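Here is a short report on one model. Look at the sequence and the structure first, then read on.

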Protein chains: 4
Amino acid sequence: MHLASDNAGPAHPQVIEGLSRVNTGYAMPYGADADMAAVTARLRDIFEAPEAAIYLVATGTAANSLALATLGAPWQTVFCSPVAHIHEDECNAPEFYSGGAKLTLVGEDDRMTPETLHRAIEREESRGVHGPQRGPVSLTQATERGGVYTLEEIRALGEVAKDFGLPLHMDGARFANALVALDATPAEMTWKAGVDAVSFGATKNGCLGVEAVILFDPATAWEFELRRKRGAHLFSKHRYLSAQMAAYLEGDLWLESARRANAACARLAAGLRAVPGVRFLGEPAANMLFAEMPRATHLRLHEAGAQYYLWEGSLDGADPDEPLTARMVCDWSITDADIDRFVAIAQGRA
Amino acid sequence: MHLASDNAGPAHPQVIEGLSRVNTGYAMPYGADADMAAVTARLRDIFEAPEAAIYLVATGTAANSLALATLGAPWQTVFCSPVAHIHEDECNAPEFYSGGAKLTLVGEDDRMTPETLHRAIEREESRGVHGPQRGPVSLTQATERGGVYTLEEIRALGEVAKDFGLPLHMDGARFANALVALDATPAEMTWKAGVDAVSFGATKNGCLGVEAVILFDPATAWEFELRRKRGAHLFSKHRYLSAQMAAYLEGDLWLESARRANAACARLAAGLRAVPGVRFLGEPAANMLFAEMPRATHLRLHEAGAQYYLWEGSLDGADPDEPLTARMVCDWSITDADIDRFVAIAQGRA
Amino acid sequence: MHLASDNAGPAHPQVIEGLSRVNTGYAMPYGADADMAAVTARLRDIFEAPEAAIYLVATGTAANSLALATLGAPWQTVFCSPVAHIHEDECNAPEFYSGGAKLTLVGEDDRMTPETLHRAIEREESRGVHGPQRGPVSLTQATERGGVYTLEEIRALGEVAKDFGLPLHMDGARFANALVALDATPAEMTWKAGVDAVSFGATKNGCLGVEAVILFDPATAWEFELRRKRGAHLFSKHRYLSAQMAAYLEGDLWLESARRANAACARLAAGLRAVPGVRFLGEPAANMLFAEMPRATHLRLHEAGAQYYLWEGSLDGADPDEPLTARMVCDWSITDADIDRFVAIAQGRA
Amino acid sequence: MHLASDNAGPAHPQVIEGLSRVNTGYAMPYGADADMAAVTARLRDIFEAPEAAIYLVATGTAANSLALATLGAPWQTVFCSPVAHIHEDECNAPEFYSGGAKLTLVGEDDRMTPETLHRAIEREESRGVHGPQRGPVSLTQATERGGVYTLEEIRALGEVAKDFGLPLHMDGARFANALVALDATPAEMTWKAGVDAVSFGATKNGCLGVEAVILFDPATAWEFELRRKRGAHLFSKHRYLSAQMAAYLEGDLWLESARRANAACARLAAGLRAVPGVRFLGEPAANMLFAEMPRATHLRLHEAGAQYYLWEGSLDGADPDEPLTARMVCDWSITDADIDRFVAIAQGRA
């Protein structure tokens, strides 16, 4: 019953097989391998973006930081939500890669709205050289709280960005989970909605460590390549990044894995909904669920060995009914049996 | 007949198997996996350094840049040879990670001597705040030209560094190749000789992409961890780095692979020595050979599909006898048959 | 009637005379001038801090950025108010000088409280290497909205900082104005209240361009010197910085000038208080006043050539009674006649 | 007898007077002062460059670092001589401001030649993303060893830069001294010879602390302004920078002062030429002279209180005839009497 994070789960066996498959003989290093050419073609096809520049890196933080540094400038500020991974969980990597840009926090939770975004950008009003200059907008899809922006919402944010002439970045660490939740096409969820660059996550959804950066405007490709190299994120034996991504895309494994994870989360939600004292913080849309549960419920789960983050509150405390917030994440590999057992324990049936 | 680089060869099957081995169930992310604990223990044992702080990253450039940034400061200069990988092949990654440090080039080739190093450090004499301050010394073992520093030579460089109170870093992208060439222990080649931090390469010698940074003084460990994270080099699914390194160390695979590569290079050298017009640039000590060969010899090899870098000169040219420099690198997987065929073609026998 | 900013006013004649005074013969460059030795001694005396390290730079942004970079680290976040000059008006200079640190905004206005500060620091809770690490606290005295922290308030903030082991920086661009408002000693307002480093402003209060950075812990002095040099803020003909500061301190000119500016502001406040429709945003404590005034009042002042910032709202608009916010700053040189004329126009008497 | 540096001399009285002149009433801050408009117009006129973007900063290191950062990129290398001020005397400021660019040292002394420059640029040959990318070329005029590039020499360097598509920067800390030595126009010595940006020094030649950056291509002006601000080099009371530069240019004071300094140096050279054992290192062309003199000569000068740098060697030593190298710099204010006395002592006549 591991619901702590989708980065704690295993890689999909087909991805491991992909590594074995390419592990013969010599291959051109640094991204000139044949597998990368195939990955590029496949992603361009999937995104209906025949001109897109596509690069692989091994971590989501690298994808985000390199993309934002390429889209922006050191004297700018990046607009993002206050719980954005780039703000909270990357130890200032965006600031480092950008050479000292700032992050401006928009709104109060995981979702920027056109209104909060517009206000935040407008607030960085004209102070000439004195204030930080307006820079890229970055949204996370699915969000850090398990929500999913609708296509309309993304388009609306894209329009605000465009009104101010700012580029729009999507942190897609859970891109596939959001995509299948929306039943949309990758193009619809990105460039057709105004997105200029995507961190296309694969690690959390069944790979070992690989993310694609997709730049719909190839004009910045060379700068990105230089930034990737001097950031030490260009792999010599690049075929092993390519092979992961190739296997991930092959036969729509990526969509299938995301559907599994989302279905597990839906099953979990359905089960927990019936538990007395459980209250969801936002409707779960993808593979992540935040919910308040009574301390007693937590204690039962805890004793049974269930793993998940206690997001707010503490197990220590006298009141068994006090609600404490849990974050529960379903990865592609979690079984129905595990979910059902988790629910049963939460319900006090097991 | 692939002699272009040891980063073009495959990973060792045991390393791939290692990935499969750990690919079950959930594992703590970000280096808290059980395999990393085992790797740390094993490397401490191998290096006879029970206190050493040990971290994994995926690229050699990351290992070097993070280590040097941790050892030095932005207002310092790093002393290295003019052909050092950190100077020539990392697109200013050390400058980026250090926040703007400088590199001072020592000597004329791949090998610093105590004299050239002493002179270079001394030259950055006291100019108060005006000049760059003296910073870490970085040597590459084996060198970028295929040479190997003897233990005495490393100790002598270490003493110069110590005389000036400067830390000593070893870029060990081909650490194993040098070690087996010297028939030394890891401790002898590093901390016993005055080395403070090592980039312990594994990628070139049979892994997919993993390098250990070994800090003999654990006082800087936390700073290193923060630098690794904000450099975006901390893997979430860290077990796949750990597993590579574990397999690499298991049963001394790392030493066996290096011996193979070195033996192949020795076989190549023995064969080429007999070819008329061939002249070695330095005695090959590890798995890399630089040699002048007549243009005609190059053309024969080229036509036969042999792959290696033409380091200096051009195949185009009228004179069949003009010597052109080749760089030939043997990876762990190259076969005797390949070497023999290469030599035969060079000799004009095939 | 110039109330736009105290950086638009002239230098005090005695400061210009100071420049003439030192303008004879040769002087050691780069801070080794005799005048700097005297300035250091004088400031140590004034601050009752015989060990303090003291440096001069020419701009307040340099003082703040260099001080914060010296107190903190690139992976940290600086705690400051959302209207702090370091956040709003330095075009990411603190981020640049620190090598990519973050700023965390505390509270809603110009004044941090022990509670908001404690909460903000606590919120950057332990996420290991993932989140930004807690860094320096920076308060502005007098604040960017014309307020002045009492000694008790500073002490309380200092205690919060100390509880978390964080250094406390004071942006004293208007140090003298705050000091005379509090009728306190420099020591009381700084190190006795827990302040570790001060940007001691002089430019706004009658100099051409000079600020002292005072580090009460001299252990970081050398690092500061290196940062100042590589930031290009070390003057060769340093005597002209020293001479400004010497003249500024001589005969307590700095206190006298601040008293004048504060008195002018009090006179302004007294006059405006009687104007119908005028509402102060916070009680003016030093030399800066924020007030809402009806559009009609603004238009009268505007037509009469009065200069000040319209902080919020627009002169364009139909309603003559609509309140628009003005920022009015009194510099040391403003005359009573100017103030009285300004008030008279505001009152509709002139 | 102060010949240590032209940064140890006083400011010209007319420059101090210029400060008094502008010290009345209020002036727009941050470069919007009327004096700056006049300075801009005047410098455009002097340089025959009606479109040039012109900015003032207070130090030569700021001028150089900001100009190079604007012309280049963090992944590039700047080509300069091994004794360039930007390399030897700015504590890595160019690396800091550029965000981690490298400096490639060209040739062996203070003068790059078209051949050494071409070779150095060519050497940074195409290694794709691996090596540093080719960046700006920076020459110093007059050089750090007192030499002056002829117009032909600058043009030849400019052509090499242009052949590779690289911008050319001139560090003109002693611009005026070189200009009068060549009897050329500012346009001839800069943009007509291929120079894209100039650090136009004024501090050493009679100001307190002001340098102009002249960008002949105004396309980069806004970026420069942002870099200046976030580098903390934008003065609030900017009029005092403007006033210095205005006075410096007024009535060709800058040329007159440079002629004086050069004439003093020529007088010094003429005098020393007659001293037995004196050997010039390069013909003095501007206001700086490097010469070997016997230890005994040095000791006589030293005892008489003459101040200059002993560039190589040590006064301690037994041999009175051993040649030790002196650097002697004449500033605008040095008197013939001082020069004559210095020579007389050197000659043993006084």
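How many of the 11 residues of helix H11 of chain D are buried? The answer is 10, so far as this predicted model goes.

**Helix H11 of chain D**

H11(D) spans residues 239-249 and is mostly covered. Several aromatic and aliphatic names appear among its buried residues, including D:Tyr240, D:Leu241, D:Tyr248 and D:Leu249. D:Arg239, D:Ser242 and D:Gln244 are buried too. D:Ala243, D:Met245 and D:Ala247 complete the buried set. After the helix comes D:Gly251. The phi of D:Gly251 is positive, near 60°.

**Chain A as a whole**

Chain A holds 14 helices and 11 strands. Its radius of gyration is 21 Å, and the globule rule gives 20 Å for 350 residues, so chain A is as compact as a globular protein of that length. Along the principal axes, the C-alpha atoms fill a box of roughly 60 × 60 × 30 Å.

Burial is the next topic. Of the 350 residues in chain A, 65% are buried. Contacts can be sorted by distance along the sequence. Take those in chain A between residues at least 6 apart: 75% of them join residues at least 24 apart.

The surface and the charges come next. Chain A has an accessible surface of about 11800 Å². Carbon and sulfur atoms account for 50% of that surface. Chain A carries 31 positive and 46 negative charges. The mean positions of the two sets lie 3 Å apart.

**Two interfaces**

The size of an interface is often given as the accessible area lost when the parts come together. The table lists that area for two chain pairs.

| Pair | Residues in contact | Buried area | Share from carbon and sulfur |
|---|---|---|---|
| chain B and chain A | 50 residues from chain B, 50 residues from chain A | about 4100 Å² | 60% |
| chain C and chain D | 50 residues from chain C, 50 residues from chain D | about 4100 Å² | 60% |

Which three residues of chain B supply more of the area buried against chain A than any other three? They are B:Tyr26, B:Phe96 and B:Lys237. Together they supply 21% of the area that chain B buries there.

Now take the other pair. In chain C, the residues that lose the most area to chain D are C:Tyr26, C:Phe96 and C:Lys237. Their combined part is 21% of what the chain C side buries.

Key. Residues are numbered from 1 along each chain as its sequence is written. Chains are lettered from A and ligands numbered from 1 in the order in which they are written. This is a predicted model: local features need pLDDT of at least 70, side-chain atom pairs count only at pLDDT 80 or more; totals for chains, interfaces and linings use all residues. Side-chain values use heavy atoms; hydrogens and water are left out. Helices (H or I, at least four residues) and strands (E, at least two) are DSSP runs, numbered from the N terminus. The radius of gyration is taken over C-alpha atoms; the globule rule is 2.2 Å times the number of residues to the power 0.38. Buried means under 20% relative accessible area, exposed over 50%, partly exposed in between (1.4 Å probe, protein chains only). Contact means heavy atoms within 4.5 Å. Accessible areas come from the Shrake-Rupley method with a 1.4 Å probe; for residues, only the protein chains shown count as cover. Lys and Arg count as positive and Asp and Glu as negative; His and the chain ends are not counted. The place of a charge is taken as NZ of Lys, CZ of Arg, CG of Asp or CD of Glu. Buried area is the accessible area (1.4 Å probe) that two parts lose on being put together, summed over both.
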